[in-house]
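User: Please take a close look at one helix packing in this model and set it in the context of its surroundings. A connected account would be preferred to a list.

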Amino acid sequence: MNITGNRRINSFLYLCVGFVHLVFLVVFWKENVIPLAHLNIFSVVFYMVLALRAFKRGRLQVIFKACMAEILLVAMFSTALAGWECGFMMYVIGVIPLVFYMVYQFGAVNVKIALIFSIIFGGAAYLTWFLTSSGSLKMYTLSAPSQNLLFLMNLTLTILMMIGYSVLFVEAVNAEQVRMMQMYERLENSANVDGLTRLMNRRTLDECFNRFINKAKGPGLEFSVLMCDIDNFKKVNDTYGHECGDDVLKNVSSALKHCIRGEDRIFRWGGEEILILVNGGKEIAKAVGERCLEAVRNTETQCKDDVVKVTVTIGVSSYHHGDTQDSMIEKADKNLYHGKRNGKNQVVV
């Protein structure tokens, strides 16, 4: 049973179980219960092999079933020959939660097989009770000290097993919750981020825009919209191909992203257009826009044998009382096209 994913811990657990069986071997040999002494020789060797060999994860199901069979075999024969007073049948009850833990953690068996294992273990307990109570088996009488020792060992080990399974199950649930949260964050991020430019996409724009508008309704707070459009982008695509156009768009997006401040937000609006929300009025927005112009002018993209450099034109609109997202973007668009008509590569406020 590979209870954990750590090879050293698994080996240590196997060695501990093997040592327990060694104690059982000594006790049964001392009490002259030779069949059970021989049985525990087998168990010691079995767990030593598990401890010393590095089994692949794909063999987990085989090892798991072999361990379940060993536990059932030892519990039944020890109870049948040494009596219920020794407490060996407690393992049958204690190991049932492990079956379902293995289903949850490793998928070693499915739920139906887990239920079958549980029924087999429960049936084995009833069968052993029937055989011992009916006198069908020749039983050995152990001394009181040996009975007490075995009972206390088996009770203690069963309690430790139950505690160990519970701790492992809680850890597995917590790990699964962390994994699910990480998966959710990745999915949320992939849904909110443009796959090409790695900028936030329009899906998240509405929420951010509303947040900026609500802040701007307070006294002395302003924000602006910068609508950026790459100049002559169609010519780049026509001359060098869309793959080069994508590279240019990625490089321009990266340059613009490094121009904004921590309180600003940047989005891919669509096509070759990029929208920036600037925390500040016209003067601050114009200063941010000028930095963006300079950064893009200094950005180079290798396309085949040529180095391609582009510029951007930026239209700015600042919030006024009563403005909405649509009205601000419309004003920024008008300023953008005004800049396009008047030579491009400029910020129009």
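Analyst:

**The packing of H7 against H11**

In this predicted model, helix H7 (residues 202–216) and helix H11 cross at roughly 95 degrees, and their axes come within 11 Å of each other. Since angles of 65 to 115 degrees count as roughly perpendicular, H7 is therefore roughly perpendicular to H11. On the H7 side the meeting residues are Leu 205, Asp 206, Phe 209 and Ile 213, and on the H11 side they are Gln 325, Met 328 and Ile 329. Divided by class, the contact of H7 with H11 holds five nonpolar residues, one polar and one charged.

Met 328 deserves attention within this contact. The residue belongs to helix H11, which spans residues 325–341. Its relative accessibility is 0%, so Met 328 counts as buried. When neighbours within four places in sequence are left aside, the residues in contact with Met 328 are Phe 209, Phe 223, Ser 224, Val 225, Ser 317, Ser 318, Tyr 319 and Asp 323. Phe 209 is one of the H7 residues named in the helix contact, while Ser 224 and Val 225 fall in the range of strand S1 (224–230). Leu 226 is 102 residues from Met 328 along the chain, yet the C-alpha atoms of the two are separated by 9.7 Å.

Strand S1 leads on to a second helix packing. Asn 232 is located in the loop that runs from S1 to H8. Its phi is positive, about 55 degrees, although Asn 232 is not a glycine. With a relative accessibility of 44%, Asn 232 counts as partly exposed.

After this loop, helix H8 (residues 233–240) packs on helix H9 (residues 242–257) at an angle of about 140 degrees, with the axes 7 Å apart. H8 and H9 are therefore oblique to each other. H8 contributes Phe 233, Val 236, Asn 237 and Tyr 240 to the contact, and H9 contributes His 242, Cys 244, Gly 245, Val 248 and Leu 249. Six of the residues in the contact of H8 with H9 are nonpolar and three are polar, with no charged residue.

Beyond H9, Glu 263 sits in the loop that joins H9 to strand S2 (265–270). Its relative accessibility of 36% makes Glu 263 count as partly exposed. Apart from residues up to four places away in sequence, Glu 263 touches Phe 212 and Asn 279; the number of Phe 212 places it within the range of H7. Glu 263 also lies 9.0 Å from Leu 277, C-alpha to C-alpha, with their positions 14 residues apart in sequence.

Another loop residue with positive phi is Lys 304, whose value is near 60 degrees and which is likewise not a glycine. Lys 304 lies between strand S4 (301–303) and strand S5 (306–308). At 64% relative accessibility, Lys 304 counts as exposed.

These parts belong to a protein with eleven helices and seven strands. The radius of gyration is 36 Å, well over the 20 Å that the globule rule gives for 349 residues, so the protein is more spread out than a compact globule. Its C-alpha atoms fill a box of roughly 105 × 55 × 30 Å along the principal axes. Of the 349 residues, 45% count as buried. Among contacts between residues at least 6 apart in sequence, 70% join residues at least 24 apart. The protein exposes about 18800 Å², of which carbon and sulfur atoms supply 61%.

Technical notes:
Residues numbered from 1 in each chain as written. Predicted model: local features only at pLDDT ≥ 70, side-chain atom pairs only at ≥ 80, totals over all residues. Heavy atoms only, no water. Axes fitted to C-alpha atoms, helices over the stretch in contact; angles between N-to-C directions. Helix = DSSP H or I, 4+ residues; strand = E, 2+ residues; numbered from the N terminus. Parallel < 35°, antiparallel > 145°, perpendicular 65-115°, else oblique. Contact = heavy atoms within 4.5 Å. Nonpolar A, V, L, I, M, F, W, Y, C, P; charged D, E, K, R; others polar. Rg over C-alpha atoms; globule rule 2.2 N^0.38 Å. Buried < 20%, exposed > 50% of the residue type's maximum accessible area, 1.4 Å probe, protein only. Areas by Shrake-Rupley, 256 points an atom, 1.4 Å probe, with all protein chains shown as cover.
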